[in-house]
Amino acid sequence: MRVFKNNLDKFHEAGIRPVAIGIDPPEVSRDLCRKAGYTFTFLSDPKAEAIRRYDLVHAGAGEKGEDIARPAEFLVDSSGTVRWVNLTENYWVRARAEQILEAAKTLR
């Protein structure tokens with residue numbers, strides 16, 4: 001998430017609007033955003049409906065063995081078509097800002 005926070009101006013200049021989706025209830029997401037200083041959109045999906053639609057359930061990977069969202073970054077065009085995806089099994093491994101910006105350039 002820090003990659004978006006730290007590069008928000010660059011993403012906006014490239015026409016990218018970051019949106020995060022997590023399984024936490026809205027109040028937990030709101031507190032996280034406030035504490036971390038995130039100003040981009042956070043969506044709460046406690047029933048994992050959107051997470052399942054994008055096949056992002058990481059079964060049993062939560063602290064107490066609960067299902068969590070698998071780390072991923074998507075570029076979705078204005079028609080809702082997924083144009084680029086970065087998936088990982090490791091929560092700590094995420095796309096770098098340069099990767100996302102380069103992918104966005106090739107989609108124009």
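The largest nonpolar core of this predicted model holds 18 residues. Those that touch the most other members are F4, F11, I16, F40, F42, L75 and I100. Three elements, α1 (2-6), α2 (8-13) and α5, each give two or more residues to this core. The largest share comes from α5, with five residues.

L75 illustrates how distant parts of the sequence meet. Neighbours within four places in sequence are left aside here. Beyond them, L75 is in contact with I16, T81, V82, R83, W84, I100, A103, A104 and L107. Two of these partners, I16 and I100, are also among the core residues that touch the most other members. V82 and R83 recur below, in a surface patch and in a salt bridge.

Confidence in the prediction was examined next. The mean pLDDT of the protein is 89. A value of 70 or more is reached by 100% of the residues. Among the elements, α3 has the highest mean pLDDT, at 94. Strand β4 (residues 68-69) has the lowest, at 82.

A nonpolar patch lies on the surface. Its members are Y54, V76, V82, V85 and L87. Together they present about 380 Å² of accessible area. Strand β6 (residues 82-87) gives the most to the patch, with three residues. Y54 sits in the loop between α4 (49-53) and β3 (57-58). The relative accessible area of Y54 is 39%, so this residue is partly exposed. That value also satisfies the patch criterion, because members must have over 30% relative accessible area.

Four salt bridges were counted. One of them joins the side chains of R34 and D31, at 3.7 Å from N to O. Both residues belong to helix α3 (residues 26-36). They are three residues apart, so about one helical turn separates them. R34 is exposed, at 58% relative accessibility. D31 is partly exposed, at 35%.

A second salt bridge is also set within a helix. The side chains of E102 and K105 meet at 3.7 Å, N to O. Here the helix is α5 (residues 97-106). The two residues are three apart, so the separation is again about one helical turn. E102 is partly exposed, with 42% relative accessibility. K105 is exposed, with 53%. Helix α5 thus carries this salt bridge and also provides the largest share of the core.

The side chains of R83 and D77 form another salt bridge, at 3.4 Å from N to O. R83 is partly exposed, at 40% relative accessibility. D77 is partly exposed as well, at 25%. R83 is also one of the contacts of L75.

Backbone geometry was considered last. Most residues other than glycine have a negative phi. A48 has a positive phi, near 60 degrees. This residue is placed in the loop between β2 (41-44) and α4. A48 is buried, because its relative accessibility of 8% is under 20%. D55 also has a positive phi, near 55 degrees. D55 is found in the loop between α4 and β3. Y54 is placed in that loop too. At 60% relative accessibility, D55 is exposed, whereas A48 is buried.

Definitions and conventions
Residues are numbered from 1 along each chain as its sequence is written. This is a predicted model: local features need pLDDT of at least 70, side-chain atom pairs count only at pLDDT 80 or more; totals for chains, interfaces and linings use all residues. Side-chain values use heavy atoms; hydrogens and water are left out. Patches are made of residues with over 30% relative accessible area and no salt bridge: like charges are joined within 9 Å, nonpolar side chains (Val, Leu, Ile, Met, Phe, Trp, Tyr) within 5 Å. Accessible areas come from the Shrake-Rupley method with a 1.4 Å probe; for residues, only the protein chains shown count as cover. Helices (H or I, at least four residues) and strands (E, at least two) are DSSP runs, numbered from the N terminus. Buried means under 20% relative accessible area, exposed over 50%, partly exposed in between (1.4 Å probe, protein chains only). pLDDT is the predictor's confidence in each residue, from 0 to 100. A nonpolar core is a set of buried Ala, Val, Leu, Ile, Met, Phe, Trp, Tyr and Cys residues joined through side-chain atoms within 4.5 Å. Contact means heavy atoms within 4.5 Å.
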